[in-house]
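Reader: Could you take me through the reading of a model, one feature at a time, with the general idea before the particular case?

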Amino acid sequence: MTTPTTGRPRRTSAANWAGNLTYAATDVVHPRTPEELAGTVRTAPRVKALGSRHSFDDVADTTGTHVVLDAYDDGRPPVEVDPSTGVASVAAGLRYGDVTRHVQAAGRALANLASLPHISVAGSVATATHGSGDGVGSLASAVVGLELVTGDGELRTLRRGDADFPGAVVALGALGVVTRVELETVPTFDVRQDVHLGLPWDAVTAHLDEITASAYSVSLFTDWGPDGVQQVWRKTLLAPGERGEEPPADLFGAAPAREQRHPLPGVDPVHCTAQLGRPGPWNERLPHFRLDFTPSNGDELQSEYLVPRRHALAAVEALRALGPRIGPLLQVGEIRTVAADPEPLWLSPFDGPTVGFHLTWKPLPDDVARLLPDLESALATLGARPHWGKLSHAVTSTDPAPLAAVAGRYPRLADFRALADRYDPTGRFRGGFVERLLRI
């Protein structure tokens, strides 16, 4: 999740969204046509697609040319929804929020969305970004097809069922520049969002499965202190036009909020999606934040660890034990569940039911960096895998051992390395920690 706070935007072509990373790229190009894109890929020794820059690490970095698809036009509408199959063909550089408006207008919906609708489709899919829900998968799980320009400058199309498809969806930009993504959709639906306050830790450990199953999508916000979970956000699926049932007066000790809330205490919730049970279309409720504002930059860092569902309570206890060290550095933590991918995607952490432990840090990079090794050590025996686009000791350390340990939790990594060698034999798309990962 991305928690907007206060602060002045610091957008530059040389830095990521949060301003904690300066890219090593020497050039940024905005190809307008397939021919221009192919020419860039063929002539640049190093090249990498750059999306909305919401990654907190160097997954999208390169020492060569950054390709931004904000002006790209392949002659097709940016979003096309097939009326017979419901599949949405989407220009890869679009933000999810812009895509959802077209999908909703066609009477369809995406099953899940991340907390921010401002992130680009291709970048989110490539890093296994996700939303929340016991029964819904990551954003990558909705992908049924991809078009990408590979290392030879040629356009390739892959669809679910093709041999290379499971390795190409969550690919960290290592196979080429994705230009189009095909997304599975479902009939449109409405959502009501209710918030409960003050969930004790005893209730979390005794009733976690019941709590996360109590709505279509559930997020638990906590500071990892002794008082438990401060807010539980519950998003309930409704048929269009339905009001739905009022929230329980007691959710295992938590009481319904009587006013709109922001995940961060004391922050104006004006930019949050509507709560208090007001129904609305899926694309205006599944994200935590609204599309019609610009998130602030530079006031936060983010980490997230994805843990197999069977180890969820052990992970809760491990993080609670670190609470005295986490708390002073933290803005807010979030606990979410994610369903398994419908088919194994080689670099996706969602090969089974998963619980995500997200940490939105204060902008204290040195202090966070000192804590992360101990945090990851505490979660290592539980099979935790860091989010590919967020800060972790494994992906930022110059010591290869932490990343090698994470790589060992992906049984198809060797197959992915071979796929990358085949699609990009000269290593054009290698850069940042992706290059380090593929050397393991």
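Author: What follows goes through the sheets, a central strand, the nonpolar cores, one residue and the cavities, and the model discussed here is a predicted one.

Reader: How should I begin with a sheet, and what is the order of the strands in the open sheet of five strands?

Author: Strands of a sheet are held in pairs by backbone hydrogen bonds, and the pairing is either parallel or antiparallel. In this model the five strands are arranged as β4-β5-β9-β7-β8, with antiparallel pairing, and the sheet is open. At its edges stand β4 (79-81) and β8 (155-159), each of which has a single partner strand, so that one side of each is left without a neighbour in the sheet. On average, neighbouring strands of this sheet are turned by 15° against each other, direction ignored.

Reader: Which strands pair with β9, and over how many bridges?

Author: Strand β5 (residues 88-91) pairs with β9 in the antiparallel sense over four bridges, while strand β7 (residues 143-149) pairs with β9, again in the antiparallel sense, over six bridges. To place the register between β5 and β9, one can note that alanine 88 stands opposite leucine 183 and that serine 89 stands opposite glutamate 182. For the pairing with β7, leucine 148 has valine 178 of β9 as its bridge partner.

Reader: Is strand β9 enclosed or open to the outside, and why?

Author: In a regular strand, side chains point alternately to the two faces of the sheet. As for strand β9 (residues 177-183), seven of its seven residues are buried, so the strand is largely enclosed by the rest of the structure.

Reader: What is the order of the strands in the open sheet of three strands?

Author: That sheet has the order β1-β3-β2, and its pairing is parallel. Its edge strands are β1 (27-29) and β2 (47-49), each pairing on one side only, and the twist from one strand to the next averages 25°. Between β1 and strand β3 (residues 65-67), which run parallel, there are three bridges; in one of the pairs, aspartate 27 has threonine 65 of β3 as its bridge partner.

Reader: Which residues have the most contacts inside the largest nonpolar core?

Author: Nonpolar side chains tend to be buried together in soluble globular proteins. The largest nonpolar core here has 62 residues, and those with the most contacts inside it are Val169, Leu175 and Trp282. Helix α11 (residues 413-423) gives the most to this core, with five residues. Apart from its neighbours within four places in sequence, valine 169 is in contact with Val125, Ala126, Ala140, Val143, Leu146 and Leu345. There is also a second, separate core of 42 residues, which includes Trp224, Ala312, Leu329 and Ala384.

Reader: Where is valine 103, and is this residue buried or exposed?

Author: Valine 103 lies in helix α2 (residues 96-105) and is buried, with a relative accessible area of 0%. Once its neighbours within four places in sequence are left aside, valine 103 is in contact with Val81, Ala88, Arg108, Ala109, Leu110, Thr185 and Trp282. Its C-alpha atom is separated by 9.9 Å from that of valine 90, 13 residues apart along the chain.

Reader: How many cavities of 30 Å³ or more are there?

Author: Rolling a probe the size of a water molecule over the atoms shows where empty space is left. The count comes to two cavities of 30 Å³ or more, and the largest has a volume of about 50 Å³. This largest cavity is lined by 13 residues, of which Leu113, Ser132, Ser217, Leu286 and His288 are the closest to its centre. The elements that give two or more residues to its lining are β12 (217-222) and β17 (330-338).

Terms used. Residues numbered from 1 in each chain as written. Predicted model: local features only at pLDDT ≥ 70, side-chain atom pairs only at ≥ 80, totals over all residues. Heavy atoms only, no water. Buried < 20%, exposed > 50% of the residue type's maximum accessible area, 1.4 Å probe, protein only. Pairing = 2+ DSSP bridges. Axes fitted to C-alpha atoms, helices over the stretch in contact; angles between N-to-C directions. Core = buried A, V, L, I, M, F, W, Y, C linked by side-chain atoms within 4.5 Å. Contact = heavy atoms within 4.5 Å. 1 Å grid on protein atoms, 1.4 Å probe; cavity = no way out; pocket = protein on both sides within 12 Å on 5 of 7 lines; lining within 4 Å. Points joined across faces, edges and corners; volume = space filled by probe spheres on them.
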